[in-house]
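The exercises below are meant to be worked with the sequence and the 3D view open side by side. Try each task before reading the solution that follows it.

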Amino acid sequence: MTAIDVSGLRKSHQGFEAVRGISFEVAEGEIFALLGRNGAGKTTTIEVLAGFQRADGGTVRVLGLDPHADRAAVRGRTGVMLQEAGFFPDLTVARTVDTWRDFTAAPRPRDEALELAGLRARSGTKVRQLSGGEKRRLDLALALLGRPELLFLDEPTAGMDPEARAATWQVIRDLAGQGTTILLTTHYLEEAQRLAASMAIMDEGRVVASGGMAETLAARAGRVAFRLPAHVEPGALPLPVTVERGLAVCRAEDPDLAAQTLLTWAAERGLRLAGLEVRAATLEDLFMEMSAR
Ligand SMILES: Nc1ncnc2c1ncn2[C@@H]1O[C@H](COP(=O)(O)OP(=O)(O)OP(=O)(O)O)[C@@H](O)[C@H]1O
């Protein structure tokens with residue numbers, strides 16, 4: 001089943017077209033990463049999908065519903081974590097959650113939501129005393145209150161230290177494991193690559209790449225990098241290379257095979273390929289390529 005179906009979506013803000021006819025689908029129970037540079041249109045897209053803004057063009061279906069026309073129904077089944085939460089700084093974490101519980105149908109118990117978000121130990125702390133990363137966790141706890149079928153997470157790990165980030169990844173994975181569909185944005189491409197089964201990269205309001213994460217990356221060239229041996233010209237190597245920051249870099253569909261070819265060539269000449277690094281394409285490679293156009 002498709003949890004989110006976006007086709008030709010357009011949305012302008014005061015005459016500026018932030019989203020310019022994008023299409024993508026998110027399958028039920030999947031983690032989907034919406035990626036792109038600052039201003040690419042990710043938040044605007046989430047705001048339309050969550051029913052906060054009305055689309056100017058195209059069609060959008062969320063859990064089979066129109067998120068604007070059927071927004072009450074959609075809101076009851078979705079959780080949203082936007083970038084800027086409107087917390088009351090003088091309330092404690094516990095009171096903040098309690099206040100939100102009052103507006104949520106069949107909410108989770110407060111401590112369960114705090115536990116899930118890794119914030120239970122800060123229950124009695126005032127919001128103003130939370131760190132940036134802890135505020136993100138409070139946001140997550142609030143987004144989880146209504147046991148949503150679908151979660152929108154706009155930069156869920158921004159400002160978190162590595163430990164908190166890893167804990168949040170686990171929460172996200174656990175939720176997906178229980179069947180929750182998750183659409184997230186992040187500027188941490190490694191995070192997207194680790195978490196998401198599918199993705200779309202946006203640039204200036206358009207989708208410039210999309211698809212299954214593993215398939216998309218597998219279809220792209222990997223790279224073999226090494227320090228060029230002394231007195232060897234790049235043109236003498238058996239495969240084409242570029243020299244990048246002092247390293248010879250060979251891009252190849254099958255980087256293992258390319259490395260073998262290069263190593264055999266070097267061994268036959270008694271040369272070493274120092275610092276040899278062989279890796280498949282990463283999301284960062286794809287992102288840089290797509291955003292640089
Ligand atoms: N309310 C608004 N009024 C006018 N312009 C807006 C408004 N909201 C967003 N924009 C503009 O629309 C474009 C897309 O913004 P959006 O917040 O959707 O991008 P984003 O991909 O989420 O960026 P970021 O990674 O910085 O969060 C930007 O150029 C932004 O300045």
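**Exercise 1.** In what sense, parallel or antiparallel, do β3 and β7 pair, and over how many bridges?

*Solution.* Keep in mind from the start that this is a predicted model. β3 and β7 run in the parallel sense, and their pairing extends over four bridges. To place the two strands against each other, find Ile 31, which stands opposite Ile 182 in β7.

**Exercise 2.** Describe the surroundings of strand β3, and decide which of its residues point which way.

*Solution.* Begin with burial, for which a residue needs 20 or more other C-beta atoms within 10 Å of its own. Six of the six residues of β3 are buried, so the strand is largely enclosed by the rest of the structure. Next, consider the directions: in a regular strand the side chains alternate between the two faces of the sheet. In β3, Ile 31, Ala 33 and Leu 35 point one way, while Phe 32, Leu 34 and Gly 36 point the other way, and all are buried. Finally, look at the pairing with β8, which is parallel and covers five bridges. Here Leu 34 has Ala 200 as its bridge partner, and Leu 35 stands opposite Ile 201.

**Exercise 3.** Which sense of pairing joins β8 and β9, and how many residues lie between them in the hairpin?

*Solution.* First establish how β8 itself is placed: five of the six residues of this strand (residues 198-203) are buried, so β8 is largely enclosed by the rest of the structure. Then follow the chain into β9 (residues 206-212), which pairs with β8 in the antiparallel sense over six bridges. One facing pair is Ser 198 and Gly 212 in β9. The two strands form a hairpin with two residues between them, and Glu 204 in the turn has a positive phi of about 45°.

**Exercise 4.** Compare the span of helix α6 with the expected one, and work out how its buried residues are arranged.

*Solution.* Helix α6 (residues 162-177) has 16 residues, and from its first C-alpha to its last it reaches 22 Å, close to the 22 Å expected at 1.5 Å a residue. Its buried residues are Thr 168, Ile 172 and Leu 175. Seen down the helix axis, these buried residues of α6 fall within an arc of 65°, so they line one face of the helix. The general reason for such a pattern is that an α-helix has 3.6 residues a turn, so residues three or four places apart point the same way. What covers the buried residues of α6 includes β3, α5, β6, β7 and α7. On the other side of α6, the exposed residues are Pro 162, Glu 163, Gln 170, Asp 174 and Gly 177. Just after the helix, Gly 179 takes a positive phi of about 105°.

**Exercise 5.** Which element gives the most residues to the shell around the ligand, and how many of the shell residues are charged?

*Solution.* List the shell first: the ligand is surrounded by His 13, Gln 14, Phe 16, Ala 18, Gly 36, Asn 38, Gly 39, Ala 40, Gly 41, Lys 42, Thr 43 and Thr 44. The elements that give two or more residues to this shell are β2 (16-27) and α1 (42-49), and α1 gives the most, with three residues. Sorted by class, the shell has three nonpolar, eight polar and one charged residues.

Terms used: Residues numbered from 1 in each chain as written. Predicted model: local features only at pLDDT ≥ 70, side-chain atom pairs only at ≥ 80, totals over all residues. Near = placed C-beta within 6 Å. Nonpolar A, V, L, I, M, F, W, Y, C, P; charged D, E, K, R; others polar. Buried ≥ 20, exposed ≤ 12 C-beta atoms within 10 Å, placed from the backbone. Pairing = 2+ DSSP bridges. Expected span 1.5 Å × (residues − 1). Arc of directions from axis to C-beta. Contact = placed C-beta atoms within 7 Å.
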